[in-house]
Amino acid sequence: MIYVTRDLLTVLRERAASEDPDEVNVRLSTTPAGEFETDLGLDPETPVVTHFTLPSVGGSVSSVFGVDLGTPAGDGGARFVSHPNGFLGVSRTDDLAAVVLVAVPPYDDDSVAAFDRSGDGVKLSVVDAVPPTESVPE
């Protein structure tokens, strides 16, 4: 099962709708359930998808060498992609990750699904919680 915050999923769906007919492809990151102020009823180590990263730096390097210079080590185990063509699945042209969230028009709650790297469906659970506040050290 994949857990994602409702607010993040809403932002991702809205972005996909605003970019249509172009595809959206962003890296997602997680926060352990135990770091939320609210008890989610999950094991504290369970990852919850909470954030996205704008397109990475070094795109040309990535396309040649398969190395994404914009990804911190150990992060980015999930991606969000939109398929304006309506295909609710993982395609050969998608950037793969351990988990891929795919959205299709009309980009509503019923138009998003989760898949593993091989394209098999994974249950998606939406969490109504706000991730912990982060700040930059002074």
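**Figure 1. Overview of the predicted model, with 2 helices and 8 strands in the chain.** The model is predicted. From the N terminus on, its elements follow the succession β-α-β-β-α-β-β-β-β-β. The chain comprises 138 residues, of which 34% count as buried. The accessible surface amounts to about 8100 Å², and carbon and sulfur atoms contribute 50% of this area. Among contacts in the chain with a separation of 6 or more, 52% are made by residues 24 or more positions apart.

**Figure 2. The open sheet of 8 strands.** The strands are arranged in the order β7-β6-β5-β4-β2-β3-β1-β8, and their pairing is mixed. At the edges lie β7 (121-122) and β8 (124-127), each of which pairs on one side only.

**Figure 3. Close-up of the pairing between β1 and β8.** These two strands run in the parallel sense and are joined over 4 bridges. Within this view, Thr5 is placed opposite Val127 of β8. Strand β8 is an edge strand of the sheet, and β1 precedes it in the strand order.

**Figure 4. The largest nonpolar core, consisting of 18 residues.** Leu28, Phe80 and Leu101 are the members that touch the most other members of the core. At least two core residues come from each of β1 (2-5), α1 (6-19), β2 (25-32), β4 (78-82), β5 (99-103) and β6 (112-116). The greatest contribution is that of α1, which gives 4 residues. In soluble globular proteins, nonpolar side chains tend to be buried together.

**Figure 5. The surroundings of Leu101.** Leu101 is one of the three residues with the most contacts to other members of the largest nonpolar core. Neighbours within four places in sequence being left aside, Leu101 is in contact with Val4, Leu28, Arg79, Phe80, Val81, Ala113, Ala114 and Leu124. Two of these partners, Leu28 and Phe80, are likewise named among the core residues that touch the most other members.

**Figure 6. The salt bridge between Arg6 and Asp128.** The structure holds 2 salt bridges, and this view presents the one in which the side chains of Arg6 and Asp128 meet, with an N to O distance of 2.5 Å. Distant parts of the chain are linked by this pair: Arg6 belongs to helix α1 and Asp128 to the segment after β8, 122 residues apart. Arg6 is partly exposed, its relative accessible area being 34%. Asp128 is exposed, with a corresponding value of 59%. Side chains of opposite charge can pair when their charged atoms come close.

**Figure 7. The salt bridge between Arg13 and Asp109.** In this pair, the closest N and O atoms are 3.3 Å apart. Here too, distant parts of the chain are linked: Arg13 lies in helix α1 and Asp109 in the loop between β5 and β6, with their positions 96 residues apart in the numbering.

**Figure 8. The environment of Arg13 in helix α1.** The relative accessible area of Arg13 is 15%, and the residue therefore counts as buried, the limit being under 20%. Residues up to four places away in sequence not being counted, Arg13 touches Phe80, Tyr107, Asp108, Asp109 and Val112. Of these, Asp109 is the salt-bridge partner of Arg13, while Phe80 is a member of the largest nonpolar core.

Technical notes
Residues are numbered from 1 along each chain as its sequence is written. This is a predicted model: local features need pLDDT of at least 70, side-chain atom pairs count only at pLDDT 80 or more; totals for chains, interfaces and linings use all residues. Side-chain values use heavy atoms; hydrogens and water are left out. A nonpolar core is a set of buried Ala, Val, Leu, Ile, Met, Phe, Trp, Tyr and Cys residues joined through side-chain atoms within 4.5 Å. Buried means under 20% relative accessible area, exposed over 50%, partly exposed in between (1.4 Å probe, protein chains only). Contact means heavy atoms within 4.5 Å. Two strands pair if DSSP finds at least two bridges between them. A salt bridge is a side-chain nitrogen of Lys or Arg within 4 Å of a carboxyl oxygen of Asp or Glu. Accessible areas come from the Shrake-Rupley method with a 1.4 Å probe; for residues, only the protein chains shown count as cover.
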